[in-house]
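Me: I would like to go through the reasoning behind some labels used for this entry. Here it is.

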Protein chains: 2
Amino acid sequence: MEDGVKVIEIKKSIFEDNEKEADALRAELKRKGVYLLNLMSSPGSGKTTTLIRLVNLIKDQVRVAVMEADIDSDVDAVKIKEATGIPSIQLHTGGMCHLDAEMTRQGLDNVALDGLDLVILENVGNLVCPAEFDTGSAQNAMILSVPEGHDKPLKYPLMFSICNLVVINKMDVMPYFDFDLDKCKEYIHMRNPKATVIPICAKTGEGVDELAQWLLNEIKNWKN
Amino acid sequence: MEDGVKVIEIKKSIFEDNEKEADALRAELKRKGVYLLNLMSSPGSGKTTTLIRLVNLIKDQVRVAVMEADIDSDVDAVKIKEATGIPSIQLHTGGMCHLDAEMTRQGLDNVALDGLDLVILENVGNLVCPAEFDTGSAQNAMILSVPEGHDKPLKYPLMFSICNLVVINKMDVMPYFDFDLDKCKEYIHMRNPKATVIPICAKTGEGVDELAQWLLNEIKNWKN
């Protein structure tokens, strides 16, 4: 325990077949009625700020917990807990660049799943490796922030192809960056025609209601 | 050849001892008087824009080539070539999240090293994995951009500990972000007390002269 949040040191997986582990975890969560969202992005795209806004919008309608994966530090889990009051734990990956299903399970073993509707996993900030490992989540989502540029779907094809939701964050700074939203949407749909794109500003809260609606709908479908 | 730049498909290394390979490559480059700079950052921090500014400032004083590593696409190599006129090649990593020494050598095999003073390797946009692999470069450098936040040295300790130069880019948007430059420097020096920190704005060119001076000095020392 540091600053009131639990810090879990994640160990390297011993299982060779991650897809099998992921399918088993997903089936188990389905049975328990727990929707696991795997949220990915570059470092500094605003995952934590977005989560705080989102959780505060939905926490009266669904019971939610957050797992914050980081190589080091527990700043994110502390922030989430302080700003939302919901259960939040920190997963330390000890240098590892992604989480797989077994590592996700190690985190979930420290979350009281009974009675929960939603667990959000904030994956390691990285557009490359996390895309290669199924965590067992119900859905993959990612945040791309305006300062990163609209060409990212061209450069990180796998990440954009596996995410069915792409949140475009930091819309408030659009005037100061050379970011073409239409082109960005076009590139995203080149990678995944089914992807939902939701522009938001986590700082002001703009667009987060649409994101909340998307997620509540997902959870409802998952429980049916 | 696509759009006039050479695209090299990098193969996975067959060597087990990357440190040995890296030392051998470094010694070879030292003999040839070629300074290799390994430039790393998150996706979208402005590596390519910074390189264009930097190369245009120094290309009359040193002979320089650029290798752009990317999982896919050749947009960066094309941009560099068009904006600077210097030799620029694209390395495709085929999904791999980093370059090691042998992969760097595969790229260098496609660069005419004779008569060159400087090769800049733009590594894959990723703050995690590239930090773990010595490329054989004379120096590791990284760019952190203001929108990513000043807490990144806390979250990506290895990257900040192996870089002796940290460029802080996008200084022009400081007023729109909650970024504390003094705190950032403090965190960087926690990871590496020797690190030089240079704030710049690649878009306007502010601070790039200091970066050029740092690099010209490095090359001079390397050749002695």
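Me: How many residues does each chain give to the contact?
Reply: In this predicted model, chain A and chain B each enter with 30 residues. A residue pair counts as a contact if the C-beta atoms, placed from the backbone, lie within 7 Å.

Me: Which element gives the most to the side of chain B that touches chain A?
Reply: That is α5(B), with three residues. The elements that give two or more are α5 (152-155) and α6 (157-162) of chain B. By residue class, this side of chain B divides into 15 nonpolar, eight polar and seven charged.

Me: What makes the two copies related as by a two-fold rotation axis?
Reply: A turn of 180 degrees with a shift of 0.0 Å along the axis lays chain B on chain A, at an RMSD of 0.0 Å. The copies are therefore related as by a two-fold axis. In chain B, the C-alpha nearest this axis belongs to Asn126(B), 3.0 Å away.

Me: How do you know that the copies meet through the same surface?
Reply: Of the interface residues of chain B, 100% are also interface residues in chain A, so the surface is the same.

Me: Why are β1 and β8 of chain B called edge strands?
Reply: The open sheet has eight strands, ordered β1-β4-β3-β5-β2-β6-β7-β8 in chain B, with parallel pairing. Both β1 (6-9) and β8 (196-199) pair on one side only. Pairing needs at least two bridges; β2 (residues 35-41) and β6 (residues 139-145) of chain B are joined by five.

Note on methods. Residues are numbered from 1 along each chain as its sequence is written. Chains are lettered from A and ligands numbered from 1 in the order in which they are written. This is a predicted model: local features need pLDDT of at least 70, side-chain atom pairs count only at pLDDT 80 or more; totals for chains, interfaces and linings use all residues. Two residues are in contact if their C-beta atoms, placed from the backbone, lie within 7 Å. Helices (H or I, at least four residues) and strands (E, at least two) are DSSP runs, numbered from the N terminus. Ala, Val, Leu, Ile, Met, Phe, Trp, Tyr, Cys and Pro count as nonpolar, Asp, Glu, Lys and Arg as charged, and the others, Gly among them, as polar. Copies are superposed by least squares on the C-alpha atoms of residues with pLDDT of at least 70 in both.
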